[in-house]
Amino acid sequence: MLNNNLKLCTFTAATPNRMDPHIQSCNANNTGPAAAIGMTTATPTPTPTTRSYCVKTMQCRLTKDDAKEHLANIRRTFGTLNIQLNADVTVAYKRDNCIFDLYDIHKVCHKCGSHLLVERKGDWSPEHGMRIHEKFKLSFIEQRQNWANASVNVGTALLNFSPDLHMPIMEYLEDNKRFLQNDLMQRKTYQLMKMVQELFNCTFATKILKDWGIRQNDSWTGLMKSIDSNEVEFSICPLRFTRERFHAVFYSPELHVERIRFLLRHPKGSHMRNIFFEPLTYHVWCCVLALIVITAFLLTIYMHAEYQLYWKVNMSEGGRPLAPNNEPQMDFAIFTTLETIFMQGPSPDQFRLNSIRLLLISVSVFAVLLMQYYGAYIVSSLLSEAPRSITNLPALYESNLEIGMENISYNFELFGTATNQVVRNIYKKRICRKGIPNVMSMEQGVQRIAQGGFALHASVNRAYRILADILDETEFCELQEITFNTPFSAGLAMSKATPYRKFITTAILKFRESSLLLYNDRQWEIPHIDCATKSKNDVVVDLQHFAPVLVFLAFAILTSIWVFIMELLLHKHNQRQIHVNFKNICNTMHKYLSNKQ
């Protein structure tokens with residue numbers, strides 16, 4: 001209600017000690033109360049449901065009373081106005097002789113029904129100028145840090161909550177001990193927002209929705225719809241930064257980084273094609289085999305010469321034979337060579353020629369060096385971590401692994417807008433294959449990862465949390481990540497008409513500066529596993545590595561059985577031939593004797 005008898009005085013904080021020309025007219029000769037309003041904030045953008053304008057001058061009826069009546073009159077006069085939290089409004093109440101008491105007024109949430117908050121800011125007089133209390137010399141955010149336990153409408157999206165958890169939904173949101181694999185990003189952020197409540201002395205009236213929201217038919221769904229329509233002031237869960245959302249909401253600074261990648265258990269196939277043959281290349285093995293053949297051939301020649309030159313000349317001494325009855329054959333030379341290579345013989349007195357001894361000593365030295373290198377390579381290969389071959393998209397596409405993705409909106413957007421031809425081939429030919437596409441829930445995909453032979457494109461932050469309860473430490477160290485896009489940055493989404501934008505932004509920056517943001521992230525990460533130490537402590541030779549020896553032994557046994565059968569048949573054949581020949585001799589002798597008679 002306008003009052004022509006009142007004097008209107010306006011001022012700004014920029015000139016606290018300089019009297020405004022309007023205030024100069026409010027001197028002792030003027031009688032009656034006066035009021036002054038200064039608003040330094042810009043005009044908020046009008047929205048379909050809330051309209052707030054920057055009021056620069058206002059006349060109102062105020063009576064001259066004591067301090068309590070001053071506060072009551074201010075609340076009664078300004079209590080119905082939408083003076084938001086980010087509005088800098090000062091009321092000057094004339095006391096006497098042109099001395100003004102200054103009051104700061106604001107509301108935490110007008111549409112929530114919060115009361116008008118009035119605080120004495122200082123005073124102004126011609127003698128002392130403007131005197132401001134210390135609190136109001138701080139930054140604007142610090143001045144308005146106490147929201148008087150007001151309630152603020154906020155929203156979040158919970159995608160994995162189920163009544164089967166047997167707990168209230170708010171208890172589920174606040175719990176940081178159980179079911180950490182469900183809605184990890186939202187519940188982790190809520191722990192920070194609880195600190196925001198303590199920082200500003202407020203409470204959150206939380207609206208729970210089932211999805212973040214997408215753009216359909218020129219309107220939003222889910223949480224984005226509630227923010228865009230001002231049903232909630234801001235979200236208390238991070239939303240991914242997208243160009244489409246930037247037109248509808250304001251974002252806070254980065255609050256969460258979501259890593260979306262392919263995750264798989266790398267196949268156990270050894271990097272060595274055969275653990276027993278790998279230490280030496282194919283050409284080196286051929287050289288070793290040639291060396292054995294040449295050594296056996298030379299040894300045969302030397303033994304023949306030794307038999308002819310030495311043993312045959314000195315056949316006996318004192319009636320006791322010094323030489324074998326028969327000359328050594330080729331098979332004896334081969335076995336002697338193998339004994340030398342494996343350092344199992346032969347006896348020093350078996351050969352007398354120095355050429356044979358020199359040959360066998362040379363082969364022994366070669367065998368020692370070969371065995372040392374061979375054994376060292378085998379041991380070091382088992383102790384070292386096998387290099388992984390499936391570490392990039394082309395290798396994944398060419399592998400025999402099954403490939404799938406989590407059934408979530410951003411996955412379809414990522415693959416649908418991809419320009420990388422390998423990514424498009426993976427999506428069209430391996431994920432969206434003919435028949436049943438490999439699109440599934442996170443729980444189903446993680447179970448298939450644990451079984452092996454499957455790669456899932458999903459949020460690894462949450463997948464690791466689930467896999468930690470399924471795999472042991474050794475199996476967990478087999479996990480391999482493959483990426484083709486940068487991690488998603490996410491922040492809180494705020495309505496464009498909200499007065500809390502600067503307050504929430506400042507709180508998040510303070511959390512980041514004080515490392516509370518990093519500390520909260522670490523609290524929700526799984527414990528680090530030192531896979532290098534684990535691989536050294538759990539070295540085993542599995543069947544895949546030992547199979548060549550078993551195959552060789554089985555082949556040798558089968559060959560010996562076959563040779564044994566052939567020897568039996570040959571022996572029976574020879575016995576039959578001997579019997580026939582003896583019978584023929586007997587018949588011939590019988591005929592001969594008969595003819596003689």
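Helix α13 (residues 421-431) lies across β15, β18 (402-406) and β19, and runs at about 105° to β18. Here axes are lines fitted to C-alpha atoms, for helices over the stretch in contact, and angles run from 0 to 180 degrees between N-to-C directions. Helices (H or I, at least four residues) and strands (E, at least two) are DSSP runs, numbered from the N terminus. A second helix, α14 (residues 442-451), packs on the sheet and touches β15, β18, β19, β20 and β21, its direction making about 140° with that of β20. This is a predicted model, in which local features need pLDDT of at least 70 and side-chain atom pairs count only at pLDDT 80 or more, while totals for chains, interfaces and linings use all residues. Residues are numbered from 1 along each chain as its sequence is written, and side-chain values use heavy atoms, with hydrogens and water left out.

The sheet beneath these helices deserves a closer look. In it, 5 strands form an open sheet with mixed pairing, in the order β19-β18-β20-β15-β21. The edges are taken by β19 (439-440) and β21 (479-482), each with a single partner strand, so one side of each is left without a neighbour in the sheet. Two strands are said to pair if DSSP finds at least two bridges between them. Strand β15 (residues 260-265) runs antiparallel to β20 (residues 454-459), and 5 bridges join the two; leucine 264 stands opposite alanine 455 in β20. With β21, strand β15 pairs in the antiparallel sense over 4 bridges, and arginine 265 has leucine 479 as its bridge partner there.

Edge strand β21 offers a nice view of side-chain directions. Leu479 and Glu481 point one way from it, Gln480 and Ile482 point the other way, and all are buried. Buried means under 20% relative accessible area, exposed over 50%, and partly exposed in between (1.4 Å probe, protein chains only). Glutamine 480 counts as buried because its relative accessibility is 14%. Setting aside neighbours within four places in sequence, glutamine 480 is in contact (heavy atoms within 4.5 Å) with Phe262, Leu263, Leu264, His266, Arg388, Ile390 and Thr391.

At the other edge, asparagine 438 is found in the loop between α13 and β19. Asparagine 438 has 3% relative accessibility and therefore counts as buried. Its C-alpha atom lies 6.9 Å from that of isoleucine 403, although the two are 35 residues apart in sequence. Beyond four places in sequence, the contacts of asparagine 438 include Glu402, Ile403, Gly404 and Met405, together with Arg430, Ile431, Arg433, Arg448 and Phe454.

Helix α15 (residues 460-467) is also mostly covered, with 7 of its 8 residues buried. These are Val460, Arg462, Ala463, Tyr464, Arg465, Ile466 and Leu467.

Further pairing involves strand β22 (residues 488-491), which runs antiparallel to β12 (residues 239-240) and is joined to that strand by 2 bridges. Arginine 240 stands opposite alanine 490 in this arrangement. Strand β14 (residues 256-258) also pairs with β22 in the antiparallel sense, over 3 bridges, with phenylalanine 488 as the bridge partner of glutamate 258.

Turning to the record, the UniProt annotation "transmembrane region", from an unreviewed entry, covers residues 282-302, 358-379 and 546-570. UniProt positions are given in the numbering used here, feature names are shortened, and annotations may be inferred rather than shown by experiment. In the model, residues 282-302 are 100% helix and 0% strand, with end C-alpha atoms 30 Å apart. Residues 358-379 are likewise 100% helix and 0% strand, and their end C-alpha atoms lie 32 Å apart.

For the chain as a whole, there are 20 helices and 23 strands, and buried residues make up 38% of the 597 residues. Of the contacts between residues at least 6 apart in sequence, 69% join residues at least 24 apart.

Confidence varies along the chain. The mean pLDDT (the predictor's confidence in each residue, from 0 to 100) is 77, and 76% of residues reach 70 or more. Over residues 1-64 the pLDDT is below 50, and this stretch has 122 contacts in the model beyond near neighbours in sequence. The pLDDT also stays under 50 over residues 316-323, for which the model has 9 contacts beyond four places in sequence. Where pLDDT is low, the predicted coordinates should not be read in detail.
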